[in-house]
Amino acid sequence: MKLQSQLNVAFTTLLFVIMAITGYVIYSLLLDLLIQDEQRQLKQKGDLIVDVLNDQYDSTSVENLNSLLEDQGLQMFIYDRNQDVAVSPSLPDSVVAGFFKKNDFSDTNKALWEYKGSKFVTSRIIFRPESTGVELILLTPLSDLELVQQSFFFRLLIVFFIGGAIAIILSYFFTRKLVTPLSQLKKQLKKIEKRQFHSIKRIKATGEIKEVEQSVYDMAQELERYINSQQTFFQNASHELKTPLMTIQGYAEGIRDHIFDAEEEEKGLEMMVTEVNRLKKIINEMILLAKLDSEPDVFTPERFQLKQIMEQVVDRALPIVNEQGIELKHTVTGSPEITADAEKMLRALLNLTFNAIRHANQQVQIEMKKENKKVLIRIEDDGEGVPEDLIPHIFHRFVKGKGGETGLGLAIARAIIEQSNGKISVGRSELGGAKFEIVFGTK
């Protein structure tokens, strides 16, 4: 069963259950209310009759009152408590006797009397002075009130059914309005499943469904970007691996076919070794990058001071900067600390530092400090900087700038930093070259 049908069935069932309970309660209470209202009306009529009779007649007796009330057109009794005698000006003697036998006239609290299986609503008003013990008892058949009850309840049922029908129609309209975006969203998910990202359309919705729709749309965009990046990665990886393999194959076939002399063979062997090392480096970095992305347990976080990392970075970079005649400046302000895998963080900072040294003209600066409850690391150089069109892709795999090596160093650095709850960005340095800025939040 579809969701819309399930919602309509559930709402309709709930509506009829509520209506049934409400109808039963109203039907049960209605008769009591009618009885109370009828007693009130009888009492008003009785009070009026008794007042008139008390004002016009000084003394009252059962016989006199019975004769005076014959023309009132009401079902009533005249009851003398002292003599325990009852007469009726409007009912036959047999009926009076039946009432007198069936009911206890001395029980003044009883609201309903019975006669031949029928019930009557009663109201009792005593004449003045009370010492006479004479009272007027007015009657109304309960069946009359039950007819009113049934008539009212029938009309109430009509109102209920009309209201229920309108509610069901509105329920169908609103559930359709609710379910339609879900159905459309299901179609968009099918497109995502088939990787038809170009045909995905936005859906008009509100509330939580709108939030889900936005999440699905963002997921589709991210999935599309991921698939495209994977395709680009495999294309670039195959190209990067193919180049050294072709070089190795060329020299190996030349040596096998003896087309090189002894000196060229020696040069070819050296080139093969160089390309094998390059190939090994690319493969190792690809494996490392795959582990960083898919195996969080390769990280062993610990709390350490960045000053220790700075010393190791400078020590390992010193031979290269001396060889290239680059000035390496480094400063650590205060005692900034972070929680990360120290070994992998060293790898990330070395990748960024060696990248800066390769592109620098004369100077590289490394700065570490704590600022506004955050730890900042800046690595800058005075080279040509990163081209504007390359900045959005500089941390992607196999994206190389001028003079780059494997194109994986910056991607590895970003993966390590982000796994350590940090953020890395690139921009233009005041020195003229590139500025890589890393930000860690502190607890």
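**Strand β1 and the sheet around it**

Take strand β1 first: Met 76, Ile 78 and Asp 80 point to one side of it, Phe 77 and Tyr 79 point to the other, and all are buried. With 5 of the 5 residues of β1 buried, the strand is largely enclosed by the rest of the structure. This is a predicted model, so a word on confidence belongs here. The mean pLDDT of the protein chain is 82, with 89% of its residues at 70 or more. Among the elements, helix α2 (residues 62–68) comes out with the lowest mean pLDDT, at 62, while strand β10 (residues 374–381) has the highest, at 92.

Now for the neighbours of β1. On one flank, β1 (residues 76–80) pairs with β2 in the antiparallel sense, over 3 bridges. Within this pairing, Ile 78 sits opposite Val 87 of β2, and Tyr 79 has Ala 86 as its bridge partner. The two strands make up a hairpin with 4 residues between them. In the turn of that hairpin, Asp 84 shows a positive phi of about 55 degrees. β1 also pairs with β5: these two run antiparallel and are joined by 5 bridges. Tyr 79 turns up here again, standing opposite Glu 135 in β5.

Stepping back to the sheet as a whole, β1 belongs to an open sheet of 5 strands, ordered β2-β1-β5-β4-β3 and paired antiparallel. The edges are taken by β2 (85–87) and β3 (112–115), each of which pairs on one side only. Neighbouring strands in this sheet are turned against each other by 35 degrees on average, with direction ignored.

Two helices come into the picture as well. Helix α3 (residues 93–102) lies across β1, β2, β3, β4 (118–126) and β5 (134–141), and runs at about 120 degrees to β3. Helix α4 (residues 142–193) packs on the sheet too, touching β3, β4 and β5. The direction of α4 makes about 40 degrees with that of β5. Put together, β1 has β2 as an antiparallel partner and β5 as another, is among the strands that α3 lies across, and has 5 of its 5 residues buried.

Key:
Residues are numbered from 1 along each chain as its sequence is written. This is a predicted model: local features need pLDDT of at least 70, side-chain atom pairs count only at pLDDT 80 or more; totals for chains, interfaces and linings use all residues. Side-chain values use heavy atoms; hydrogens and water are left out. pLDDT is the predictor's confidence in each residue, from 0 to 100. Two strands pair if DSSP finds at least two bridges between them. Axes are lines fitted to C-alpha atoms, for helices over the stretch in contact, and angles run from 0 to 180 degrees between N-to-C directions. Contact means heavy atoms within 4.5 Å. Buried means under 20% relative accessible area, exposed over 50%, partly exposed in between (1.4 Å probe, protein chains only).
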